Amino acid sequence: MKSIHTTIYLFFIAHFAYGQTSDYRIYHRLINHAEECFFDHKKIDSAFYYYDQAFSSFDYIFAKDAINAVQLALHSKKPFMGYLLKGYENGLRPDYFKNIKLTQDLYTQLVTDTSMIRAYQTHRAKYLKKVNFQYLQTVYGLSMEDQLKKNSSDLEYSEFQKMCLNAIKIGIKKYGGFPGAKLLGIADSTVFKEVGFPNFDWNKRKQKYGNLLDYFKIDDDLASKFTLVVLLHNSCAFFELENELRTAVSKGEIHPREVGLLYDNIYRKVNSKYNKCTIPETKNGLFVLNKFTDYRNIPVSDQAVNALRAIWDIVPLRIDGLKEEFEDQYGAKLFWGFWKCM
């Protein structure tokens, strides 16, 4: 075990000796090591050291990592303000703390303390400058059309799905990256209003369809769900976009756990009559990150799951289990994203 930790340490030192890096595989390894230190090894100071390294070495971070770091810092009576502000710069809002038992007192402070309110406003402005609103508007239209067409005939919907995949590939080339939270921001029903264009917001745009889209909620997962909901309706989406997804992970444009969600989706065989792709052998592993995949009837070992997760820089099942125990014991919320895949 000591030699493994030494190797990890030397790996990080080699990369951070030259300042910031753009390889998000390193970011995820730092976050994973922070979680392993905190939940498994009980090395609290080491955990926050790795959080600090991740957040200081990358301009864009995943907001769910920031809110989790805030919760763990509060629990451990460690400084949390740096994590909070970094989260604000990447889409986190005070209301995400409202319904978490561990952070309810903090939430009250965030929305009543004038200095805290000003800090949010300052860092929110930085976040809004990062959002590609033209790209977001395009993806809004694609996902809204998907919601309206998903009850059409299998053949018609399969043709639409092919168009969606092609549109995503075109968007990646046109806008310079995958349409995830890094470029589009976190799903937010009033984000266009914040920049002076309220009629472009999702809730405004859906009004012309009456109550057909009232079920679709977008403010709850700290991720950009519009692209994912389209892809999850196509069981072959991972395999059609595998190269793009690998590039997007390395650039921080999609979280590897979101990729795992899409990969496991093939075992649900969603709209699979016209979506033809080969289902991988389970001996090669699954991610166990798609809550609507019936893993009980899929023969796969924990070892195979953890091996596939490791390839994509995702923590093993054991760490997820320890995080769930921490949630139950201390009233935290540590899983976010579409269907809580992150």
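This passage describes the nonpolar core, selected charged residues and unusual backbone angles of a predicted model.

The largest nonpolar core of the predicted structure comprises 108 residues. Within this core, the residues with the most contacts are Tyr-27, Tyr-51, Phe-55, Phe-97, Leu-136 and Phe-226. Helix α2, spanning residues 24-40, supplies the largest share of the core, with nine residues. The surroundings of Leu-136 illustrate how residues distant in sequence meet there: when residues up to four places away are set aside, Leu-136 touches Val-131, Leu-184, Val-191, Phe-192 and Phe-226. One of these partners, Phe-226, is itself listed with Leu-136 among the residues with the most contacts inside the core.

Helix α2 was examined further. The helix has 17 residues, and the distance from its first C-alpha to its last is 23 Å, close to the 24 Å expected at 1.5 Å a residue. Helix α2 is mostly covered, as 13 of its 17 residues are buried. Just after the helix, Lys-42 adopts a positive phi of about 60°. In general, most residues other than glycine have a negative phi.

Two charged residues of helix α18 are buried. The helix covers residues 317-330 and includes Glu-327; Lys-323 also lies in α18. Lys-323 has a relative accessibility of 1% and therefore counts as buried, the limit being under 20%. Beyond its neighbours up to four places away in sequence, Lys-323 touches Glu-35, Phe-39, Leu-334 and Phe-335. Lys-323 and Ser-22 are separated by 301 residues in sequence and by 28 Å in space, taken from C-alpha to C-alpha.

Glu-327 is likewise buried, yet has no salt bridge. The nearest side chain of opposite charge belongs to Lys-340 and is 6.5 Å away, whereas a salt bridge requires a side-chain nitrogen of Lys or Arg within 4 Å of a carboxyl oxygen. A polar atom of the Glu-327 side chain does, however, lie 2.6 Å from the backbone nitrogen of Leu-334. With neighbours within four places in sequence left aside, the contacts of Glu-327 are Ala-332, Lys-333, Leu-334 and Phe-335. Leu-334 and Phe-335 are thus in contact with Glu-327 and are also touched by Lys-323.

Salt bridges were considered next. Side chains of opposite charge can pair when their charged atoms come close. The structure holds 19 salt bridges. In one of them, Glu-159 pairs with Lys-162, and the closest N and O atoms are 3.4 Å apart. Both residues belong to helix α9 (residues 154-175), and because they are three residues apart, about one helical turn separates them. An α-helix has 3.6 residues a turn, so residues three or four places apart point the same way. Glu-159 is partly exposed, with a relative accessible area of 43%, and Lys-162 is partly exposed as well, at 45%.

The salt bridge between Lys-225 and Asp-221 has its closest N and O atoms 3.8 Å apart. Here both partners are buried: the relative accessible area is 9% for Lys-225 and 3% for Asp-221. A further salt bridge links Glu-253 to Lys-251, with 3.2 Å between the closest N and O atoms. In this pair Glu-253 is buried, with a relative accessible area of 5%, while Lys-251 is partly exposed, at 34%. Salt bridges with shared partners also join Arg-93, Asp-95, Arg-124, Asp-188 and Glu-194 into one network.

Positive phi values also occur in loops that lead towards helices α17 and α18. Val-288, in the loop between α16 (256-264) and α17 (302-311), has a phi near 55°, a positive value in a residue other than glycine. With a relative accessibility of 31%, Val-288 counts as partly exposed. Asp-313 is located in the loop between α17 and α18 and has a positive phi of about 60° although it is not a glycine. In contrast to Val-288, which is partly exposed, Asp-313 counts as buried, at 12% relative accessibility.

Technical notes
Residues numbered from 1 in each chain as written. Predicted model: local features only at pLDDT ≥ 70, side-chain atom pairs only at ≥ 80, totals over all residues. Heavy atoms only, no water. Core = buried A, V, L, I, M, F, W, Y, C linked by side-chain atoms within 4.5 Å. Buried < 20%, exposed > 50% of the residue type's maximum accessible area, 1.4 Å probe, protein only. Helix = DSSP H or I, 4+ residues; strand = E, 2+ residues; numbered from the N terminus. Contact = heavy atoms within 4.5 Å. Lys, Arg positive; Asp, Glu negative; His and termini not counted. Polar contact = N/O pair within 3.5 Å; in protein donor to acceptor, adjacent residues only side chain to side chain. Expected span 1.5 Å × (residues − 1).
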